[in-house]
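Trainee: I'm new to this one and would like a close look at a single part of it. Could you walk me through the empty space inside?

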Amino acid sequence: MKAVRLLEYGGQLVFNDVPAPTNARDEILVKIKSTAVNHLDLVKASGTARQILPIDLPWIPGHEFSGVVEQVGSDVAGYAPGDAVFGANGIGGTYAEYLAVKTAVIARKPSNLSFEEAASVPVAAETAWEGIFTHGHLGKGQTILIHGGAGAVGAYAVQLASHAGATVIATASREDEAYLKSIGASQVIDYRKAHFEQVLREKVDVVFDLIGGDTQKRSFLVLKEGGHLVSATQPVSQEEAAKYRVSGAMMRLAPSADVLGKIARLLEEGTIRPDVATVYALQDAAQAWKDIAENLPGVHGISPSGPGAARRRSHGKIVLRVA
Ligand SMILES: NC(=O)c1ccc[n+]([C@@H]2O[C@H](COP(=O)([O-])OP(=O)(O)OC[C@H]3O[C@@H](n4cnc5c(N)ncnc54)[C@H](OP(=O)(O)O)[C@@H]3O)[C@@H](O)[C@H]2O)c1
């Protein structure tokens, strides 16, 4: 099969033929139609976090996909060849024509979504779901502050929190204010112009931090006692959490068929919607990585200001079309 591979940490992506995987008895073999690019792909490839995010080289990047079931293992129930599915895994391997995967991390593709749209959903939407509900315990009538609300994860967090009956405040660039209000934010704070802790009138129940650093440190100031600070980017200081009498946790996505199935239903109803910024062919994955490197200066040795670097991408995911 054709696949994109990384041969060494920090190396170039190589597009060529590799043996197709075979599925174990408890797995299905998916013919991948589309996959999507995540920061995680670049961070793992750079080797900077190899102690906590190791990969086996050569490595096929990619953690999410949409496609069609090709073969079903003898222990698998509920799926048949020809079914359209989507999903995420924690290992990688989706920048390829085939993937062997357990059904514990897949769901049926929403029928109203294209394969490209469906591939853009799992990592961002499941991270948002688990961040705000599983770890943030967000409920109806509460208020949540989402840092990085216009990003891939943030946009699902805004939509899911708003649908759950919470008041949603997001930090983002000014250019994204109208977009964020259109998907459920009631207030948008321009992080380049204002300090959110000086703008907020009342404290919030949950902060979902997709930025980290100083943004995370200042978040303690705006949480109600008993509130939850959930970070998807870096560990949360337990000393600070105790001092402010809040809970603080860094989450890591745990791909789940159950969560993805709930997300699929909301997509099918039109309650939430996907956002695809750009579609590249699989063999152009290296260019797609340059586009996303804008938000990750220094990672993988890619200079965001170098030739071919993208203009500021407003919002939405970068998708790779496989077939
Ligand atoms: N823990 C996990 O399991 C997990 C899973 C998925 C993602 N993540 C992490 O979550 C983070 C977000 O991922 P993503 O895919 O949503 O990123 P993304 O699509 O690149 O979005 C980042 C957003 O943050 C905005 N932003 C930048 N600096 C900001 C600031 N100081 N305050 C408020 N907004 C700011 C950017 O806006 P501008 O472009 O206008 O600056 C952009 O809209 C990444 O660090 C990613 O690695 C973690």
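Mentor: Happy to, and let's start with the enclosed space: the largest cavity has a volume of about 90 Å³. Keep in mind as we go that this is a predicted model. With a cut-off of 30 Å³ or more, the count comes to one cavity. As for how such a space is found, rolling a probe the size of a water molecule over the atoms shows where empty space is left.

So what surrounds the largest cavity? Its lining is made up of 14 residues, and those nearest its centre are A155, Y156, Y179, P274 and D275. If you want a landmark, go to helix α4, residues 152–163, which gives the most to this lining, with four residues. Sorted by class, the lining of the largest cavity has seven nonpolar residues, along with four polar and three charged ones.

Now put that beside an open space. The second largest pocket has a volume of about 320 Å³. Around this pocket you'll find 17 lining residues, and N89, G92, G93, L99 and A100 sit nearest its centre. Here the landmark is a strand: β6, residues 98–102, supplies the largest share of the pocket's lining, five residues. By class, the lining of the second largest pocket counts eleven nonpolar, three polar and three charged residues.

It helps to step back and see what these spaces sit in. The chain's secondary structure comes to ten helices and 15 strands. Its radius of gyration is 19 Å, close to the 20 Å that the globule rule gives for 323 residues, so the chain is as compact as a globular protein of that length. Along the principal axes, the C-alpha trace spans about 55 × 45 × 35 Å. Of the 323 residues, 52% are buried. If you count the chain's contacts with a separation of 6 or more, 66% of them are between residues 24 or more positions apart. On the outside, the accessible surface comes to about 14300 Å², and carbon and sulfur atoms hold 50% of it.

One last stop, to get a feel for distances: find E197 in helix α6, residues 196–199. E197 is partly exposed, because its relative accessible area is 22%, and buried would mean under 20%. Setting aside neighbours within four places in sequence, E197 is in contact with R218, L221 and V222. Then look across to P58, 139 residues from E197 along the chain: the C-alpha atoms of these two are separated by 45 Å.

Technical notes
Residues numbered from 1 in each chain as written. Predicted model: local features only at pLDDT ≥ 70, side-chain atom pairs only at ≥ 80, totals over all residues. Heavy atoms only, no water. 1 Å grid on protein atoms, 1.4 Å probe; cavity = no way out; pocket = protein on both sides within 12 Å on 5 of 7 lines; lining within 4 Å. Points joined across faces, edges and corners; volume = space filled by probe spheres on them. Helix = DSSP H or I, 4+ residues; strand = E, 2+ residues; numbered from the N terminus. Nonpolar A, V, L, I, M, F, W, Y, C, P; charged D, E, K, R; others polar. Rg over C-alpha atoms; globule rule 2.2 N^0.38 Å. Buried < 20%, exposed > 50% of the residue type's maximum accessible area, 1.4 Å probe, protein only. Contact = heavy atoms within 4.5 Å. Areas by Shrake-Rupley, 256 points an atom, 1.4 Å probe, with all protein chains shown as cover.
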